[in-house]
Structure formats: structure tokens, C-alpha cells
Amino acid sequence: MADVPDLTLVPARRIIESPVDAVFALAPGDRVVVDAGASVVVGAPIAERLRDPRLEDKAAPDGIEPQPGDRWQVSGRGKDAGGGIGSGRTATSGEYLFPWKNRWRIVTGDIVDPLEVPVAGIVREVRPGTSITIRAAGRGIRGIVALGGPTRGRLAFATGPDGGLRPGGLDVGMAGTILVVDARVDAETLTRARAMGVRGIVVAGLASKERRDFLASEARQRAALHRLPTYAVLVMEGANRRPMAGPILALFAALVGREVAIVTDPPMLVFDAPDLVGPVIPPDLVRVRAGALAGHQGHWIGAAGRRHFGGVDLEAGRIRLADGSAVAVPLGDLERFV
């Protein structure tokens, strides 16, 4: 039961994490438009990202000794605008990278896209060309990996009869939502969901092939002239075929209808709901996260000592499953919730 001291042998998984420090990656040439310590609201621009950056050689303006990371601007006389890599295209600003043969290599571009923050919070750190860190005004549910870009929408469940989501199960009424799917989905479903206005999908598992196909689709979307709103896929359990943990699903159910966000670093679903009370979790509840019983939940009975599993001896624990049977499972294959 809950007071069995050896329950601490089981690795703990935190359901809700706080505080949440979301990191938004930048590349050389991106222009930061916020300062450390500033407050930001949902949808506020925090940077301008170059869509198609290129390198050019420029001479530094007279009387100026730039440093790597400084902003480059075309002078009023236009003497800085010509020559070097990428000549034939004109840019008005960029970023100094490093000196090169008595000139400077700069990174510049013609089109910028705003980077809008999907959460409210405080800017904790600004590192030009590297990242912006924002402490979100809310709490988070951590996943395994997040693909795509940071996004925001209203949380909703979308699960078919078999637990998954098919392209035919999507409709335009889902536009603006972040869908929770307690199974795996294919790349076609992910692509169609984005085209229909879905802002993100939280899925139990995503196979490696589907990840590659989705990332290739994202690369094509980034190259398009007219872009769709940002879209993200948050994977909760990895690539294995197993459902989400019961406490996680219960928390998602409590968040249905609320505005939430997905950030990619760390991979997390962020929500600002001070009135939300997390699910009541029995202290002896454990879940099998690997092996033949992956996805099953049960109650801790006690340590089982060293047992033989597939040719190796491992420390094990005994748990009671929902059907009343007691099984021994390696401690490394178990998790408990805190």
C-alpha cells in the first residue's frame, strides 16, 4: 500500500511542472524586439525571424568598429549596399557575424516573419542569435518531444472508435483547437489537420516514419510564400504503441475548453488555470512503461527482489493489475506519479 517504504524504488513522474521556462530558438540575423525583464502577453512579437537568410560581405561604416552580434543597417548614402556574396539583392538590415578580409560577413535577408509568444510571462534572458527565455505565467505538462513551432489554441479531445484519429474524422469545426489523441496518428492526418486550421495535436505516440514525413511537410510549409499559422505536435509517450497515463488523461479532460499552448523547448503543454485542481492520484498507483505489459496500470504491492527477465536478473516489484492478478515487473519498467 501507500505506506510501503520500498515504493520509493519506483522512478517518479511529475504530472504538473512549475515554473515553466520556455526557450524560443533564434538564428543569426533574427532581430530581438524585447528586453530581459519585460512582461509579454499572449500573441506579442518577441523577435523577427529571417525567412531565407544569406551571407554577404560588407564594409563597416566609417568611424564604427562593430562587434559580432551588432546590427548592420544600410547608411543613408547607400555606400554599404553593394558587393559581396548575394549581390544583386538589396537588404536594409542584418547582423554582423565576423570580420573577413578587411570586410565583415553579415547575415541578412529580404523577408522577416514575426515570432509571436503563445504564453504570457516575463522575459528572463535574451541571447541574440541564440534564444529568448520566457518564464510562463502558468504550469505545464511535459511530453517526450514537440515537433513544429510554438502554438496556442482551445483544448479538445478527438479520438476515433479505435482510439486513434483518421483524416476522415477531421472537420472545419476543429479550427483553432489543440486536439488530444490517445493513440498514434499518421502523417496524412497531421497534415490535413493543419490545413483545416487545427493549431496542434497532443498524441500518445508517433512512429519514426511519421515524424520524418511530418518534418518534411513542415519544411515545405516554411518554404511557401503564404504560410499557415504555427502548428505543433506534442508526443507524450514516444514511438511505442501505448496509451497515455490515466492521470495525464484526467488532467487533459479537466482542461477541455480552456486556452492552452504548446512550446517546443522544453516539449510541454502550458496552461494558465489557477483554479484548476489536479486529479486525485492514489499514492500507490504505478504504471508499466515498457515491456509486454506497457501501458497497464496497477497498485504497488511491494518489492519482489531479483527476478529473471529475458535472460537477465533484475530488481523487480510486484503490482496488482485491474483484473486482480499480481505480476512482477522490473523496477526500471515502472513509474509512479507525483
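Two strands count as paired if DSSP finds at least two bridges between them. Keep that rule in mind for the close-ups below, which come from a predicted model.

**View 1. Strand β25 pairs with strand β21 in the antiparallel sense and with strand β1 in the parallel sense.**
Start with β21, residues 285–288, which shares three bridges with β25. Here Val288 has Leu334 of β25 as its bridge partner. Now look for β1, residues 12–13, whose pairing with β25 runs over two bridges. In that pairing, Ala12 is matched with Arg336. Which way do the residues of β25 point? Leu334 and Arg336 point one way, while Glu335 and Phe337 point the other way, and all are buried.

**View 2. Eight strands make up an open sheet.**
Follow the strands in this order: β13-β20-β19-β15-β16-β17-β18-β14, with mixed pairing. At the edges you will find β13 (139–142) and β14 (145–148), each with pairing on one side only. On average, neighbouring strands in this sheet are turned by 30 degrees against each other, direction ignored.

**View 3. Strands β17 and β18 run parallel, and helix α2 packs on their sheet.**
Strands in a sheet pair through backbone hydrogen bonds, in either a parallel or an antiparallel way. In this close-up, β17 (residues 200–205) and β18 (residues 232–235) form a parallel pair over four bridges. A good spot to start is Gly200, which stands opposite Ala232 in β18. Helix α2, residues 208–223, packs on the sheet and touches β14 and β18. The direction of α2 makes about 35 degrees with that of β14.

**View 4. The model holds two aromatic pairs.**
Tyr96 and Trp104 meet edge-to-face, at 5.4 Å centre to centre with 80 degrees between the planes. Are Tyr96 and Trp104 buried or exposed? Both are buried. The other pair, Phe214 with Tyr231, is tilted: the centres are 5.9 Å apart and the planes make 50 degrees. This pair links distant parts of the chain, since Phe214 sits in helix α2 and Tyr231 in the loop between α2 and β18, 17 residues apart. Why does Phe214 count as buried? Its relative accessible area is 1%, and buried means under 20%. Tyr231 also counts as buried, because its relative accessibility is 2%.

**View 5. Helix and strands share the largest nonpolar core.**
This core has 25 residues, and those with the most contacts inside it are Ile141, Val202, Phe252 and Leu269. Two or more residues each come from β16 (177–184), β17, β18, α3 (246–255), β19 (259–264) and β20 (267–271). Which element gives the most to this core? That is α3, with four residues. Apart from this core lies another, of 20 residues, including Leu115, Val117, Ile132 and Val270.

**View 6. Ile141 has many neighbours to find.**
Leaving out residues up to four places away in sequence, Ile141 touches residues including Ile15, Leu234, Met236, Ile248 and Leu251. Also among them are Phe252, Leu255, Pro267, Met268, Leu269 and Phe271.

**View 7. Residues 77–90 have pLDDT below 50.**
Across the chain, the mean pLDDT is 85, and 91% of the residues reach 70 or more. In the stretch 77–90, where the pLDDT is below 50, the model has 27 contacts beyond near neighbours in sequence.

Conventions: Residues are numbered from 1 along each chain as its sequence is written. This is a predicted model: local features need pLDDT of at least 70, side-chain atom pairs count only at pLDDT 80 or more; totals for chains, interfaces and linings use all residues. Side-chain values use heavy atoms; hydrogens and water are left out. Axes are lines fitted to C-alpha atoms, for helices over the stretch in contact, and angles run from 0 to 180 degrees between N-to-C directions. Contact means heavy atoms within 4.5 Å. Rings of Phe, Tyr and Trp (its six-membered ring) pair if their centres lie within 6.5 Å; planes under 30 degrees apart count as stacked, over 60 as edge-to-face and the rest as tilted. Buried means under 20% relative accessible area, exposed over 50%, partly exposed in between (1.4 Å probe, protein chains only). pLDDT is the predictor's confidence in each residue, from 0 to 100. A nonpolar core is a set of buried Ala, Val, Leu, Ile, Met, Phe, Trp, Tyr and Cys residues joined through side-chain atoms within 4.5 Å.
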